[in-house]
Amino acid sequence: MTDLMTHSLLITCADGLEQALLTELDGFGIAGTQVRAGRVAVSVSLAQFYQICLYSRVASRVVLPLGDYYFKKKQVTEQGIIKEVIADDVANVLYEFASRIDWTAVFGVEHTFAVRVSVDKRVSVNQQFATMRVKDAIADCFNRQFGSRPDVDAKNPNFAIFVQVGVDCAEIGLDLSGTSLHRRGYRVANTEAPLKENLAAALLYEAGWHLGHFDALIDPMCGSGTFVIEALLMRVNYPVGLDKSTNQFGFYHWQHHDDELWQACVARATTDFHDNLANFEAKPISIIATDANAHAIYATHKNLLAAGLATLTPVIRLEQRAMSGLDELLATVKVRNPLIISNPPYGERLGDDDVIKPLYQGLGRKVADGLRQAGIEGGYLAILASHIEHADVLPIVNPQTLRCHNGALTVYFRHGTPNTASLPSLIERFERKEVVHDEAQEFVNRLQKNLANLKKIAKKQGVTNLRVYDADLPNYNVAVDIYGEHVHVQEYAPPKSIDAQVAKHRFNNALAVIRQVLDVNREQVFIKTRAKQSGNEQYTKIDHKKRKKLWLAQENGAYFYVNFTDYLDTGLFIDHRTMRGLVGQASRGKRVLNLFSYTCTASVHAALHGAKTVTSVDLSANYLDWGRQNFSLNGLVLDAMYDHDLKYQFIAADVFEWIKDNTEQFDVIFIDPPTFSNSKKFKGTFDVQRDHAALINRAMNRLSHDGVLYFSNNFTKFELDEHLKTRYEVLEMTQKTIGFDFDDKKPIHQSYQIRHKNSTKSSASPDGTAANNQRADDKVVGSSTDLVKSSKFAPKKAPSQQARQEKGFVKKHHGTASGNHRQFAKHSSTRTNKKADFDKPTGNNQTSKPSIKRVYVNPKLAGADEMAKRLDQKLHEQSSQTPRKYKVKTTS
């Protein structure tokens, strides 16, 4: 039997997917017309209707419309705002509207039916009551004609009545699709917040996947694999309605249904699918799905099998990989025109909106870098985001944006050709040219000379953030740093002997020269004046009414956020560039601790180099939040786990207190402390010259027996405690860590590599903690000052003489929640010889000179006198080979 009739049908879809649905129908040879949001009208033959049911990937339902009713409206004023609302009693109107339809012509009394009502949340009506009123109207219609009514079957009705109540109208129809078409049946394993199947298909249409131009599909955050599976089903033309062909559609009892034609359509669709699958197996394209979560990879594999794509699994690359490795993956892909499409975790899924935007920005940079390294000139990037500002950071040329919904959540699909260019770099593009300035020609010449010399080395080493001028000329007392395409100019406060107007004039000349030589506009240059400050002035965040803006800086394969406007420092200390690289290189497979971590830049390098764990400790929660953003920017998974704990930890605490109480062991420790700190968050002060011995001793107690500690600071008059050199293997590495853009004869920082001596290695227990090894900082042996009298617990007072006299770059701790800063000033030739006087070494590392050691015993302990005698005897026995003397006494 052949049905020559045409049927006027309404195809529904999610709001925003109408164009994708029209594109799909056009591929079927069917012309459609969008009648309103989420509604496309078609006139089709019965065979075309069956084709839609079998093949449509975007449609939600296929409805035979029975009528619609437009509500009466009225104007009301709410809080001074006039708006239109429905004037009708919606439930009663639905009854009257449904009563106008001759239901006996739609189905018989012998059939079962169910009413399914969907109500817009803006319409004030009870959904259950509205459903009951429509059901009553249908029952009353049959009762009037036959004296009986058909039964209701809510689960498996012969006919499903579709009722949609919107803000403008209500529509009633016969749901010929039965269940929602978006349900494919292959989702046997889920991840958090999965993507709807029909939404994924619609986005693939939007990206042009159906055209067959792409030779690869890559989803770097595949979740349960919806994009990958829908793309494969589309490529092999799998009839997605095949799984429900026997009993799930709503047209089996429809009077126009032709079962013979339907079975023929099903058989032909099945044969075509197997033929297409065989062709794809013979000539596959690259399909790559990665995710940081192992469960997501497992779920994708299970869903691929459930989708009937088991024979394709050998050619599909499934891999557990964090986004941090995406650029390396792309660099190895041998394709010409890949579609990179993904649904990254957004705020509702991660629960922290502050790290979502960095995630999207980092994803864009990883894609750009990977495609550029692979030499891929084509490609297409398509990313789903929950906020438009997240999509805005993606590097896409002439981007297109589709607003749609994933369930109840509004989302934005941004797609287009990726911009694979690297971040702009002023040092790379610099070319020496003739610049004439009547008053500042010497500054012009020096700046151009510096830039020309630095450019060669910077290009060779891949450096884009560097210092290009540092008060080389006495009349131009500024430091000029380049961060990518931005210039950070810091003016040294002039001495009182220089007239303020003269200094201002010279500074303005310097700025004009900088802009001309580097060919930058005013928006690319950021200015700060470094003056000697007192109290907490030096720690205060610069007052800006606008929300802080962050710029990107690239360093050795990592990306960091820098801030030129809100803080005295930018968030990335360029003089520690080499040191961060050393920390990273030492971190593969290691447990890393970063003390005074600031914005966690060294921690990022450690994580990118494959550290087992990375712990960042800093007093400032603000800077740690900045650090978490840096981690997210580099595709490092913040909730990743290792050994039942977070792999990356960010701890806001006083470093001294935290390391005293901590019992973990670390393989790599990096310490870059402030020169001086008097933060309100702990009692006392910190002075790096005075307190570094205690700090390092405490850190060494947490260092594994074969670990390495890197210590660095910016106090230019710093001298490492001699007892540390005796107690540990100490290698000064300042000349190695000073960058080519700084003066190694006047080093801006001093750095050391410190290890345990072989004779003092302690055994480690299985859990990584030192066994039977009392912490050196808890001993009161060999120290003329009790630990409780150390600087950590000293009352707040002025800095030590060294710190007061220091006029170089000096890293500082905030006295507010903002965190740490480095104080910028000029050098001084004076210093004192004051040393830290606690935690001095004992035992085999002592010199042979006789000395008296005091061991204090708490008199409140039971048997303290007897304990002192026994300890005194024991010490004499152990020291028989050296002429030491010991006195054991109880403290009062």
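**Figure 1. H111 is a buried residue.** Its relative accessible area is 16%; buried means under 20%, exposed over 50% and partly exposed in between, with a 1.4 Å probe and protein chains only. What you see is a predicted model: local features need pLDDT of at least 70, side-chain atom pairs count only at pLDDT 80 or more, and totals for chains, interfaces and linings use all residues. Residues are numbered from 1 along each chain as its sequence is written, while side-chain values use heavy atoms, leaving out hydrogens and water. Look for H111 in the loop between helix 3 and strand 7. Helices (H or I, at least four residues) and strands (E, at least two) are DSSP runs, numbered from the N terminus. The H111 side chain reaches the backbone nitrogen of G108 at 2.9 Å, a polar contact (N or O atoms within 3.5 Å, one able to donate a hydrogen and the other to accept it within protein; residues adjacent in sequence count only if both atoms are side-chain atoms). Leaving aside residues up to four places away in sequence, H111 touches P150, D151, N158, F159 and H253; a contact here is heavy atoms within 4.5 Å.

**Figure 2. Eight strands line up in an open sheet with mixed pairing.** Read across, the order is 2-3-1-4-10-9-7-8. Strands count as paired if DSSP finds at least two bridges between them. At the edges stand strand 2 (32-36) and strand 8 (151-152), each with a single partner strand, so one side of each has no neighbour in the sheet. Strand 7 (residues 112-119) and strand 9 (residues 159-165) run parallel and are joined by seven bridges. To pick out one bridge, find A114 and its partner A160 in strand 9. Helix 1 (residues 18-27) lies across strand 1 (7-12), strand 2 and strand 3 (39-44), at about 15° to strand 3. Helix 3 (residues 90-99) lies across strand 4 (61-70), strand 9 and strand 10 (169-175), at about 45° to strand 10. For these angles, axes are lines fitted to C-alpha atoms (for helices, over the stretch in contact), and values run from 0 to 180 degrees between N-to-C directions.

**Figure 3. An open sheet of seven strands also mixes its pairing.** Here the order is 13-12-11-14-15-17-16. Strand 13 (316-320) and strand 16 (396-406) are the edge strands; each has a single partner, so one side of each is left without a neighbour in the sheet. From one strand to the next, the twist averages 15°. Strand 11 (residues 216-219) runs parallel to strand 14 (residues 338-342), with three bridges joining them, and I218 stands opposite I340 in strand 14. Helix 5 (residues 197-207) lies across strand 11, strand 14, strand 15 (380-385), strand 16 and strand 17 (409-418), at about 160° to strand 16. Helix 11 (residues 356-374) lies across strand 14, strand 15 and strand 17, at about 170° to strand 15.

**Figure 4. Helix 14 and helix 15 pack at an angle of about 40°.** Helix 14 covers residues 441-461 and helix 15 covers residues 500-518, with axes 10 Å apart. The two are therefore oblique to each other; angles under 35 degrees would be roughly parallel, over 145 roughly antiparallel, 65 to 115 roughly perpendicular, and the rest are oblique. Helix 14 passes helix 15 in a right-handed crossing, meaning that the near helix is turned clockwise from the far one by less than a right angle (anticlockwise would be left-handed). F443, V444, L447, Q448 and L451 in helix 14 meet A510, V513, I514, V517 and L518 in helix 15.

**Figure 5. Strand 19 is largely enclosed by the rest of the structure.** Six of the six residues of strand 19 (residues 478-483) are buried. One side carries V478, V480 and I482, the other A479, D481 and Y483, and both faces are covered. Strand 18 (residues 465-470) pairs with strand 19 in the antiparallel sense over five bridges; among them, Y469 partners V480. Strand 20 (residues 486-492) also pairs with strand 19 in the antiparallel sense, over six bridges, with I482 opposite V487. Strands 19 and 20 form a hairpin with two residues between them, and G484 in the turn has a positive phi of about 65°.

**Figure 6. T599 is buried, at a relative accessible area of 0%.** T599 lies in the loop between strand 24 (591-595) and helix 17 (601-608). Residues up to four places away in sequence aside, T599 touches G571, Y623, W626, G627 and N630.
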